[in-house]
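Here are my notes on the model you sent over. Have it open while you read, and check each point against what you see on screen.

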Amino acid sequence: MTSVDGRHTGPDEADRFRALHHGRPPGDPLVLPGPWDAASARVFADAGFPALATPSAGVAASLGYADGETPAAEMFAAVARIARAVDVPVSADVEDGYGLAPRELVERLLEAGVVGCNLEDSEGGVLKDASRHADWLAEVRSSAADRLFVNARTDVFIHGDGDPGRAVERAALYVAAGADCVYPIGAPAGVLPLLRSGVQGPLNAFARLDGPSPAELGELGATRVTFGPGLQRRAAETLGDIAAKLRQGASGGVRTV
């Protein structure tokens with residue numbers, strides 16, 4: 001399939017991305033920076049990262065929205081700009097699918113030029129019924145066939161009781177439904193070995209810039225590492241520091257000669 005901007009998408013591109021998740025030795029997870037716009041995507045691609053994964057919260061901030069409040073059309077348009085800007089595979093965080101039917105969701109992702117997606121199992125801060133969500137994921141995977149890498153996010157650690165066993169149970173349902181990877185967002189680093197032992201297939205860990213390194217998370221069992229909106233927020237903080245210094249300089253008085 002060809003996206004609206006002419007970018008080729010299909011099984012080959014998705015398989016290229018899928019292959020990056022397999023055969024990785026401990027301590028060498030796939031590190032996927034999270035671009036929030038075309039400019040940041042080019043920075044990460046130019047740095048040599050083989051693939052990227054957009055964060056919905058970071059993209060929302062770049063568009064002037066709070067996390068979870070971005071209209072679907074604006075999110076897909078932003079993701080398309082990011083995918084168009086780089087020559088590496090891009091996966092998109094599209095929250096809980098914006099209420100779209102599986103076939104329409106898949107079509108819009110492919111039109112945006114991405115090769116994968118994050119799909120979360122909560123809505124409004126409440127966990128969805130795991131079996132019904134698994135059925136929905138199965139429909140997404142059926143509609144996508146091999147054209148999209150499906151990263152099934154489970155929110156047990158941020159909107160549930162934080163029970164690793166419950167996270168493993170939900171993960172098993174999602175893998176059985178066809179998910180390529182499971183993402184227990186917010187799982188403490190110390191829980192990763194337990195999750196690794198119970199989850200079949202690739203395991204996505206959330207990294208904080210002030211926490212364990214990607215290599216350390218990989219040693220604990222992570223197959224891939226993402227940062228959510230952390231990089232966008234750090235960039236905004238840095239820009240804020242620059243702005244403050246510029247402001248101080250601008251109000252430093254009038255120089256006389």
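Where in the chain is the place of Gly27?

1. Gly27 sits in the loop between α1 (11-19) and β1 (30-32). A word on numbering and trust: residues count from 1 along each chain as its sequence is written, and this is a predicted model, where local features need pLDDT of at least 70, side-chain atom pairs count only at pLDDT 80 or more, and totals for chains, interfaces and linings use all residues. Side-chain values rest on heavy atoms, with hydrogens and water left out. Helices (H or I, at least four residues) and strands (E, at least two) are DSSP runs, numbered from the N terminus.

2. Staying with Gly27: its relative accessibility is 22%, so it counts as partly exposed (buried is under 20% relative accessible area, exposed is over 50%, partly exposed is in between, using a 1.4 Å probe and protein chains only). Its C-alpha atom is separated by 33 Å from that of Val126, and the two residues are 99 apart along the chain.

3. Now the sheet, starting at β3 (90-93). β3 pairs in the parallel sense with β2 over 3 bridges (strands pair if DSSP finds at least two bridges between them), and Ala53 stands opposite Ser91 there. β3 also pairs with β4, again parallel and over 3 bridges, with Asn118 in β4 as the bridge partner of Asp93. Between β3 and β4 the chain passes through helix α5 (residues 102-112), a right-handed β-α-β crossover (with the strands pointing away from the viewer, the path from the first strand over the helix to the second runs clockwise).

4. Moving on through the sheet, β4 runs parallel to β7, joined by 5 bridges, and Leu119 has Ala152 in β7 as its bridge partner. β7 in turn pairs in the parallel sense with strand β8 (residues 181-184) over 4 bridges, where Thr154 is matched with Pro184.

5. How enclosed is strand β7 (residues 149-154)? It is largely enclosed by the rest of the structure, because 6 of its 6 residues are buried. In a regular strand, side chains alternate between the two faces of the sheet. Phe149, Asn151 and Arg153 lie on one side of β7 and Val150, Ala152 and Thr154 on the other, all buried. β3 is covered on both faces too, by the same reading: Val90 and Ala92 on one side, Ser91 and Asp93 on the other, all of them buried.

6. If you were wondering about disulfides (a pair of cysteine sulfur atoms within 2.5 Å), the count comes to 0. The sulfur of Cys117 has its closest cysteine sulfur in Cys181, 11 Å away, which is too far for a bond. Cys117 is buried, with a relative accessible area of 0%, and Cys181 is buried at 1%.

7. Last, the largest pocket, with about 810 Å³ of space. On a 1 Å grid over the protein atoms alone, a pocket is an open set of points where a 1.4 Å probe fits, with protein on both sides within 12 Å along at least five of seven lines, and lining residues have an atom within 4 Å of a point. Of the 40 lining residues, Ala57, Asp67, Arg153, Ile185 and Pro229 are the closest to its centre. The largest share of the lining, 4 residues, comes from α11.

Definitions and conventions. Grid points are joined across faces, edges and corners, and a volume is the space filled by probe spheres set on the points.
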